[in-house]
Amino acid sequence: MAEDGTVTVYNSTVITDPKKNPFSFKVGVAQMLRGGAIVQVSSIEQAKIAEEAGACALTIREPIRRGISRMMDPSLIKEIKRVVSVPVIARARVGHFVEAQILEAVGVDYIDESEELAIADDQNYINKQNFRSPFVCGSRSLGEALRRIREGAAVIRTQGELLGSGSIVETVRNVRSTMGQIRTLHNMDDDEVFAFSKKIEAPYDLVAQTKQMGRLPVVHFASGGIVTPADAALMMQLGCDGVFVGSEIFDCSDPYKRVRGIIQAVRHYNDPNVLVESSYGLAEAMAGLNISDDRIERFGGANV
């Protein structure tokens, strides 16, 4: 049916019947982000660079400051929305549904219930079904991802490190773990799904849907430490639908080239020739992202 065209990939009425559940429309809208890079920006200038480079969406953060990190000033959101045409994502604290109400009233395209900000409610997440705006939520495992989807998340962001150090190891670990659990589930006997859903503490219907599809029921991105085209292509080859790129990539002499290279790597992640072209001139741009020796977790405890 034509009216179902935006969500045909999700062939189940569990969460995708647009006549019965408006969440299906949020899922359909979020599919437009697939195969793209979402770039984090903190100024109008960065937003313009990211849009020109081909970002599929922008997520806005205020410059780092001391103290409790909260929802950003709505005035900057409005200023950036006036100068770009791509979707804009703004962040609310975990559990802070009033911040989410404010962001929806401002007119953001997506709301990110972000663990990077201070936590407002350590017992409850926002009931995302109560909002018109699609939500982005972070996870580190399949069970956590499906719990966020049950709450109403239309985009899952498998999260790695939050420090902006340029280390991708935690992101790779969490993406591989999530994908491995999905493969295990997909090959599992139907009689074992009940026990598996209990083990990962996830809703049975969403676990069953994930088994049938062989993937998460919503768009799945990776985030954390993705600062080179090779990093972005790695996440795509591991099975993600796209990547979040931190604002640290603007700390170089040619941020447009850096952002453009990552976006091209996402779009052509299986083409080595494009990846080579996208990876030229990395050394200078990476200079400010190297972490010191005493912060590196040695693989297997080996001394180097």
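Let's start right after helix H4, where Gly107 takes a positive phi of about 105°. Helices here are DSSP runs of H or I with at least four residues, strands are E runs of at least two, and both are numbered from the N terminus. There's another glycine like that further along: H5 is followed by Gly152, and its phi is positive too, near 120°.

Before I go on, this is a predicted model, so keep in mind that local features need pLDDT of at least 70, side-chain atom pairs count only at pLDDT 80 or more, and totals for chains, interfaces and linings use all residues. Residues are numbered from 1 along each chain as its sequence is written, and side-chain values use heavy atoms, with hydrogens and water left out.

Okay, back to H4, residues 97-106. Which of its residues are buried? They are Glu99, Ala100, Leu103, Glu104 and Val106; buried means under 20% relative accessible area, exposed is over 50%, and partly exposed is in between, with a 1.4 Å probe and protein chains only. Looking down the axis of H4, those buried residues fall within an arc of 155°, so they line one face of the helix. That arc is taken over the directions from the helix axis to the C-beta atoms. And what do they pack against? Helix H3 (74-83), plus strands E3 (88-93), E4 (110-114) and E5 (135-139), where contact means heavy atoms within 4.5 Å.

Staying in this neighbourhood, have a look at Ser133, in the loop between E4 and E5. Ser133 counts as buried because its relative accessibility is 8%. Leaving out residues up to four places away in sequence, Ser133 touches Lys26, Glu104, Val108, Asp109 and Ile111. Glu104, remember, is one of the buried residues of H4.

Next up, H5, residues 142-151. Eight of its 10 residues are buried, so H5 is largely enclosed by the rest of the structure. The buried ones are Leu142, Gly143, Glu144, Ala145, Leu146, Arg148, Ile149 and Glu151. They pack against quite a list: helix H1 (23-30), E5, strand E6 (153-159), helix H6 (169-186), helix H7 (193-199) and H8.

Let me pick H8 out of that list. In general, two packed helices are described by the angle between their axes and the distance between the axes. For H5 and H8 (residues 204-213), the axes come within 10 Å and cross at roughly 115°. The axes are lines fitted to C-alpha atoms, for helices over the stretch in contact, and the angles run from 0 to 180 degrees between N-to-C directions. The crossing is right-handed, meaning the near helix is turned clockwise from the far one by less than a right angle, with anticlockwise being left-handed. From H5 you have Leu142, Leu146, Ile149 and Arg150, meeting Asp205, Leu206, Val207 and Thr210 of H8. By class, that's five nonpolar, one polar and two charged; nonpolar covers Ala, Val, Leu, Ile, Met, Phe, Trp, Tyr, Cys and Pro, charged covers Asp, Glu, Lys and Arg, and the others, Gly among them, are polar.

There's a second pair to show you, H2 (residues 44-53) with H3: axes within 10 Å, crossing at roughly 35°. This one is right-handed as well. Ile44, Ala47, Lys48 and Glu51 of H2 make the contact with Glu79, Ile80 and Val83 of H3. Here the classes come out as four nonpolar, no polar and three charged.

While we're near the H8 end of the sequence, Glu201 sits in the loop between H7 and H8. Is Glu201 buried or exposed? At 58% relative accessibility, Glu201 counts as exposed. Its phi is near 55°, positive in a residue other than glycine. For context, most residues other than glycine have a negative phi.

Two last residues. His220 lies in strand E7, residues 219-223, and at 3% relative accessibility His220 counts as buried. Thr158 is 62 residues away along the chain, yet the two C-alpha atoms are separated by 7.3 Å. Ser69, in the loop between strand E2 (57-60) and H3, counts as partly exposed at 27% relative accessibility. Its partner Glu116 is 47 residues away in sequence and 8.2 Å away in space, C-alpha to C-alpha.

And the overall picture: 12 helices and eight strands, with 54% of the 304 residues counted as buried.
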